[in-house]
Amino acid sequence: MRIIGGTLKGLRLNPPKNLPVRPTTDLAKEALFNILQNQTEFDNIKVLDLFSGTGNIAFEFASRGAEQVTSVDRSVHCIHYIKDTARQHQLNNIKTFKADVFKYLQLETDKYNLIFADPPYDLNRIPEIAKIVFEKDLLLPEGLLIIEHQSMQKLSDHPAFVEQRKYGHSSFSFFRHQ
């Protein structure tokens, strides 16, 4: 894993092997950020990274100038890795929370420019993520929700669904306010 853009471009991340994660591949991440680069100004945005895992996506947003990146994961080991790496590279714009994502979303009151969720692919509650985000009104008016999931899964039933982009076995589904 490496950071592909911003101030930390080229930095290799070497998380411990025992983390319970399936990181977004560099290929998929590069494609995602190419899409976002044409739609989003990264400076001064607030990002919520759900199921953060290694922090791969959080570090990418922080490197590109996001004002605040909030990382949420239930694994204490993942949270420690993210905190330690953020501290080591002076990424003071990253906040971490050890929490169950669904409980966190139910309690969250902040609004974000961008919410990224990369849940375990076998999680049967993936469609609930968009439902909760829009019911709780967690996106700012021009905000974007992106959910990474298996390509064979369809999330297009939600009214805020915009498009799905496939990258092999992984897909990104995009959602916006209608």
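A salt bridge is a side-chain nitrogen of Lys or Arg within 4 Å of a carboxyl oxygen of Asp or Glu. The model used here is predicted. Across the whole structure, a search finds nine salt bridges.

**Exercise 1.** Decide whether lysine 46 and aspartate 110 form a salt bridge, then place both residues in the chain.

*Solution.*
Step 1. The closest N and O atoms are 3.8 Å apart. The cut-off is within 4 Å, so the pair counts as a salt bridge.
Step 2. Lysine 46 sits in strand E1 (residues 46-50). Aspartate 110 lies in the loop between helix H4 (101-107) and strand E4 (112-117). They are 64 residues apart, so the bridge links distant parts of the chain.
Step 3. Lysine 46 has 18% relative accessibility, so it counts as buried. Aspartate 110 has 29% and is partly exposed.

**Exercise 2.** Find which parts of the chain are linked by aspartate 137 and lysine 111.

*Solution.*
Step 1. Their side chains meet in a salt bridge, 2.7 Å from N to O.
Step 2. Aspartate 137 is in the loop between helix H5 (126-135) and strand E5 (139-150). Lysine 111 is in the loop between H4 and E4. The two residues are 26 residues apart.
Step 3. Aspartate 137, at 35% relative accessibility, is partly exposed. Lysine 111, at 31%, is partly exposed.

**Exercise 3.** Work out how lysine 131 and glutamate 135 are spaced in helix H5.

*Solution.*
Step 1. The two side chains form a salt bridge of 3.1 Å, N to O.
Step 2. The residues are four apart in helix H5, so about one helical turn separates them.
Step 3. Lysine 131 is partly exposed at 44% relative accessible area. Glutamate 135 is exposed at 57%.

Key:
Residues are numbered from 1 along each chain as its sequence is written. This is a predicted model: local features need pLDDT of at least 70, side-chain atom pairs count only at pLDDT 80 or more; totals for chains, interfaces and linings use all residues. Side-chain values use heavy atoms; hydrogens and water are left out. Buried means under 20% relative accessible area, exposed over 50%, partly exposed in between (1.4 Å probe, protein chains only).
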